[in-house]
Amino acid sequence: MQKTEIQEFAARISGTQSKAADTRVKAIVDRVLVDIFTVIEEFDVKPEEFWSALSYLTELGRSNEYGLLAAGLGIEHFFDVRLDEKEAAAGIEAGGTPRTIEGPLYVGGAPVAIGEARLDTDPDDGEILFVDGQVTDTTGRPLAGATVEVWHANTKGNYSFFDKTQSAFNLRRTIKTDAEGRYRFRSIMPSGYGCPPAGPTQQLLDRLGRHGQRPAHIHFMVSADGYRQLTTQINIDGDAYLHDDFAFATRDGLVPAVTHHTDPSALKDRSVDRPFATITFDFALPHAVAGVPATLIDRPRAQVG
Ligand code: MBD
Ligand code: FE
C-alpha cells in the first residue's frame with residue numbers, strides 16, 4: 001500500500017473522522033496503526049511472522065512478563081529520563097538523589113519499623129550487610145518520620161512473593177526515619193537478577209544478542225510530607241554488570257562505596273560471628289511543587305495485606 005492509502009485506512013479504523021469519543025485514544029491508535037502498517041510494508045513482514053508476534057505477546061502476558069520486557073527494552077528508563085527533563089523544565093530544585101526505575105518486583109504492605117529493621121527473615125549464607133543513611137531535604141536538613149521502603153533479591157537473585165520458596169516479605173521492609181532523619185537496616189548482600197531463562201523476555205533478548213542480567217542492587221521508595229517522592233536503587237560496586245544492566249537503571253550517584261569488615265573487634269561491635277559489609281547512602285528530596293507530574297507512578301502493583 002502507498003503511504004496515503006495507509007493513512008486513509010488507519011483513519012477509518014481509528015475513527016478519527018467520526019464524532020469525538022476519546023480523541024487521545026483515537027489519535028494514538030491511528031499513529032500506532034500507521035506505524036504497524038509501515039513496518040509491515042518496509043520489512044515485508046510475512047503473515048506467519050505477524051501471528052507469531054501475537055503468540056509471543058499472549059505468552060508474555062501468560063508469564064506475567066510485560067513489566068520485565070518494558071524494563072529490558074529500556075522503556076521504563078525512557079520514562080525516567082523524560083521525568084528528569086520535565087522536572088528541569090519546571091525548575092525543580094537541584095541536588096535531589098537521582099531516580100531510577102522501580103522495576104516489576106515491588107510488593108506493597110511490607111512490615112513497618114521505626115528507625116531500624118532486619119530484612120532477612122529467611123536463612124541465607126550471603127555476606128551480612130548493614131546499610132544506613134539519612135533522609136534530608138536538598139540543603140541537608142534532616143527529615144524525621146520519612147518513609148523508606150526497601151526491597152532486594154536474595155543471594156540467588158530472587159525476590160520474595162514472586163519466589164514462593166521465600167517467606168512473606170523476606171528482604172522487604174518499610175522503615176520510618178528517626179528524629180535525625182536516619183534509617184538503618186541489617187540484611188544480606190543481594191546477588192544480581194537474571195531474567196527467567198525459558199521466559200519470553202529472555203527469548204527476545206536472545207534474538208537481539210543481549211543478556212538479561214542486572215547488577216546486584218537494592219530498591220528504595222522514599223517519601224516525606226511536602227517533598228517529592230523518590231523511587232530509586234543503589235547498585236553494588238564491583239558487580240560485573242554494574243555498567244551493563246539489561247534494564248538500563250545504573251546511574252551516576254547511585255553506586256555507593258561498599259566496605260568489607262573482617263576485624264574481630266568490628267564483628268564484636270556489630271554482634272556478628274562472620275565478616276560483614278557496610279554501605280552508607282543518604283537520600284535528598286526536593287520540595288513538592290504543584291503542577292509538576294508526580295514521581296510515584298500509578299501502576300498495577302502487588303499488594304499483600
Ligand atoms: C529486577 O530485580 C529489577 O529490578 C528490574 C528492573 C527488572 C527485573 C528484575
Ligand atoms: Fe530489582
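**Exercise 1.** How far is an oxygen atom of ligand 1 from an N or O atom in the side chain of tyrosine 159? Establish also which further side chains make polar contacts with ligand 1.

*Solution.* The structure is a predicted model.
Step 1. For tyrosine 159, the distance from a side-chain N or O atom to an oxygen atom of ligand 1 is 2.9 Å.
Step 2. In arginine 214, a side-chain N or O atom is 2.6 Å from an oxygen atom of the ligand.
Step 3. Histidine 219 places a polar side-chain atom 2.9 Å from an oxygen atom of ligand 1.
Step 4. A polar contact requires N or O atoms within 3.5 Å, so these distances qualify.

**Exercise 2.** Describe the surroundings of ligand 1.

*Solution.*
Step 1. The protein buries 100% of the 260 Å² that ligand 1 exposes when taken alone.
Step 2. Ligand 1 occupies the largest cavity.
Step 3. Its shell comprises six nonpolar, three polar and one charged residue; among the surrounding residues are Leu68, Ile101, Pro104 and Tyr193.

**Exercise 3.** Which residues coordinate the iron ion (ligand 2)?

*Solution.*
Step 1. The donors are Tyr159 (OH), His217 (NE2) and His219 (NE2), at 1.9 to 2.1 Å.
Step 2. Their spacing in sequence is Y-x57-H-x1-H.
Step 3. Tyrosine 159 belongs to the loop between strands E5 (147–152) and E6 (172–176), and histidine 217 to strand E8 (residues 217–223); the pair therefore ties together parts 58 residues apart in sequence.

Methods
Residues numbered from 1 in each chain as written. Chains lettered and ligands numbered in written order. Predicted model: local features only at pLDDT ≥ 70, side-chain atom pairs only at ≥ 80, totals over all residues. Heavy atoms only, no water. Near = heavy atom within 4 Å. Polar contact = N/O pair within 3.5 Å; in protein donor to acceptor, adjacent residues only side chain to side chain. Areas by Shrake-Rupley, 256 points an atom, 1.4 Å probe, with all protein chains shown as cover. 1 Å grid on protein atoms, 1.4 Å probe; cavity = no way out; pocket = protein on both sides within 12 Å on 5 of 7 lines; lining within 4 Å. Sits in = over half its atoms within 2 Å of the grid points. Nonpolar A, V, L, I, M, F, W, Y, C, P; charged D, E, K, R; others polar. Donors = N, O, S within 2.8 Å, 3.2 Å for Na, K, Ca; no water. Helix = DSSP H or I, 4+ residues; strand = E, 2+ residues; numbered from the N terminus.
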